[in-house]
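Please open the model in your viewer and keep the sequence panel beside it. The tour below moves from one selection to the next and says what is found at each stop.

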Amino acid sequence: MLRLMDANLDRLSEGLRVLEDVSRFILDDTRITGTLKRMRHELTTTDPEFKNQLLGARDSAIDVGRNSPVEGIERKNLADLVTANAKRSQQALRVLEEFAKLPETPFRMAERNFEQARFILYEVEKELTLRLSRQDKIEKIDGVYVIIDVEALSPNDATEAVRQVIAGGANAIQLRSKEQAKKDLLKLAGEIGRICADASALFIVNDHVDIALAVNADGVHLGQKDLPVTVARGMLSPDKIIGCTVRTIEQALQAQSDGADYIGAGAIYASPTRPDAGVIGLEGLGKIRRVVSLPIVAIGGINEGNARKVIEQGADCIAVISAVLKSKDIETATSRLVEQVS
């Protein structure tokens with residue numbers, strides 16, 4: 001019994017520590033890190049006398065399972081790492097929970113609530129996995145981000161435009177419409193979402209959190225007059241990203257504080273599609289870059305001739321509409337922009 005307890009306490013401690021370090025060092029999540037740390041200390045720490053009993057019973061050399069070949073979970077990415085160590089910890093908790101019910105179990109084990117910890121860990125695994133998925137999506141905020149403005153294209157051209165910009169190397173696609181009926185926009189969003197999913201491109205819906213939810217988009221982009229970032233975060237699952245348009249340092253800091261995953265800064269130059277947008281220029285972009293750590297998508301009047309300057313001023317990504325959608329060859333126009341910012 002002591003050997004069994006010792007092995008599973010070690011297994012539990014090791015698995016929880018891996019999860020804790022992912023939360024602490026990769027996701028910078030104070031809450032989940034604290035939950036895992038408390039769990040690790042409360043469930044695996046033992047008094048010196050009992051610890052000596054466990055160590056005295058340990059005999060790794062004769063353990064029949066030591067050299068048994070098994071097929072584990074392949075670690076292709078961080079999500080796989082989380083899954084493997086969550087399962088390792090959950091299985092250890094289940095063993096400890098079951099054996100703690102036996103009358104001969106040391107009272108120091110029987111008094112611990114392994115069942116409750118197991119259910120907490122199920123939720124932690126889910127949240128860590130979804131948060132890592134969100135981080136992967138944030139990393140696609142790089143290079144060229146194309147806004148498919150329905151008013152700049154006829155609806156029949158939108159899906160073909162998406163295919164062409166993806167073929168040209170765009171990492172992210174945003175669907176935007178200020179005039180189209182929601183029913184029609186929903187249908188178009190579903191079609192574009194499927195194209196983006198097949199190409200592993202990021203798909204963002206502008207303004208409409210409900211449409212983003214309905215078509216399982218990768219995220220939503222919000223303006224200053226849309227739903228607050230904090231409200232949208234509560235509506236979306238942890239794997240979805242939120243962008244927020246800003247024009248000032250104050251707005252940028254607020255978006256970062258509210259939990260936005262990236263900010264859209266602009267207009268950098270006067271824009272033919274948004275003539276009413278206030279121009280902040282390269283200087284304004286630089287000021288925002290100096291105060292926030294979030295990825296910045298620069299927008300407004302950006303084209304092949306000025307894209308490089310925008311990146312050099314601190315943008316991680318450029319958002320374009322006319323520069324590609326008004327071109328006779330959308331794919332080539334996109335690829336030329338990609339060359340400028342890569």
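In which strand does Ala319 lie? Select Ala319 and you will find this residue in strand S8, which covers residues 317-320; bear in mind from the start that you are looking at a predicted model. Ala319 counts as buried because its relative accessibility is 4%, and the cut-off for buried is under 20%. If you now show what surrounds Ala319, leaving out its neighbours within four places in sequence, the contacts are Tyr145, Ile147, Val297, Ala298, Ile299, Gly300 and Ile302. Add Ala307 to the selection as well: Ala307 is 12 residues away from Ala319 along the chain, and their C-alpha atoms are separated by 9.7 Å.

**The whole chain**

Zoom out next, and colour the protein chain by secondary structure, which gives 15 helices and eight strands. Along the principal axes, the C-alpha atoms of the chain fill a box of roughly 80 × 40 × 35 Å. The radius of gyration of the protein chain is 26 Å, whereas a compact globule of 342 residues would have a value near 20 Å. Of those 342 residues, 47% count as buried. Among the contacts in the chain with a separation of 6 or more, 65% are between residues 24 or more positions apart.

With the surface switched on, the chain exposes about 17000 Å², of which carbon and sulfur atoms supply 49%. Colouring by charge brings out 45 positive and 50 negative side chains, and the centres of these two sets lie 1 Å apart.

**Two nonpolar cores**

Which residues have the most contacts inside the largest nonpolar core? Select Tyr145, Ile148, Ile173 and Ile318, which hold that place in a core of 74 residues. The largest share of this core, six residues, comes from helix H8, so residues 182-199 are a useful selection to add. Apart from this core lies another one, of 26 residues, and Leu16, Leu27, Ala86 and Phe114 are among its members. In soluble globular proteins, nonpolar side chains tend to be buried together.

Stay for a moment with Ile148, and show its contacts beyond four places in sequence: they are Leu153, Ala158, Ala161, Val162, Ile173, Gln174, Leu175, Arg176 and Leu325.

**Helix H6 and the loop after it**

Now select Glu125, which is found in helix H6. Is Glu125 buried or exposed? Glu125 counts as buried, because its relative accessibility is 12%. Not counting residues up to four places away in sequence, Glu125 touches Val82, Thr83, Ala86, Lys87 and Gln90.

Follow helix H6 (114-138) into the loop that leads to strand S1 (143-149), where Lys140 is found. Lys140 counts as partly exposed, because its relative accessibility is 31%. Apart from its neighbours within four places in sequence, Lys140 is in contact with Asn171, Ser200, Ala201 and Leu202. A C-alpha to C-alpha distance drawn from Lys140 to Ala170, which is 30 residues away in sequence, comes to 9.6 Å.

**Backbone details in three loops**

Where does Asp28 lie? Look in the loop between helix H1 (2-26) and helix H2 (30-44). The phi of Asp28 is near 55°, a positive value in a residue other than glycine. With a relative accessibility of 61%, Asp28 counts as exposed.

Move on to Asp207, in the loop between strand S3 (202-206) and helix H9 (209-214). Asp207 also has a positive phi, of about 75°, although it is not a glycine. Asp207 is buried, with a relative accessible area of 16%.

For the third loop, select Gly266 and Ala267 together, since a cis peptide bond joins them, with omega about 5°. Ala267 lies in the loop between strand S6 (262-266) and helix H12 (281-291).

**A last stop**

Finish at Asn52, whose place is in helix H3 (residues 48-57). Asn52 counts as exposed, because its relative accessibility is 53%. If you draw a line from Asn52 to Thr230, C-alpha to C-alpha, the line spans 50 Å, while the two residues are 178 residues apart in sequence.

Technical notes: Residues numbered from 1 in each chain as written. Predicted model: local features only at pLDDT ≥ 70, side-chain atom pairs only at ≥ 80, totals over all residues. Heavy atoms only, no water. Helix = DSSP H or I, 4+ residues; strand = E, 2+ residues; numbered from the N terminus. Rg over C-alpha atoms; globule rule 2.2 N^0.38 Å. Buried < 20%, exposed > 50% of the residue type's maximum accessible area, 1.4 Å probe, protein only. Contact = heavy atoms within 4.5 Å. Areas by Shrake-Rupley, 256 points an atom, 1.4 Å probe, with all protein chains shown as cover. Lys, Arg positive; Asp, Glu negative; His and termini not counted. Charge placed at Lys NZ, Arg CZ, Asp CG, Glu CD. Core = buried A, V, L, I, M, F, W, Y, C linked by side-chain atoms within 4.5 Å.
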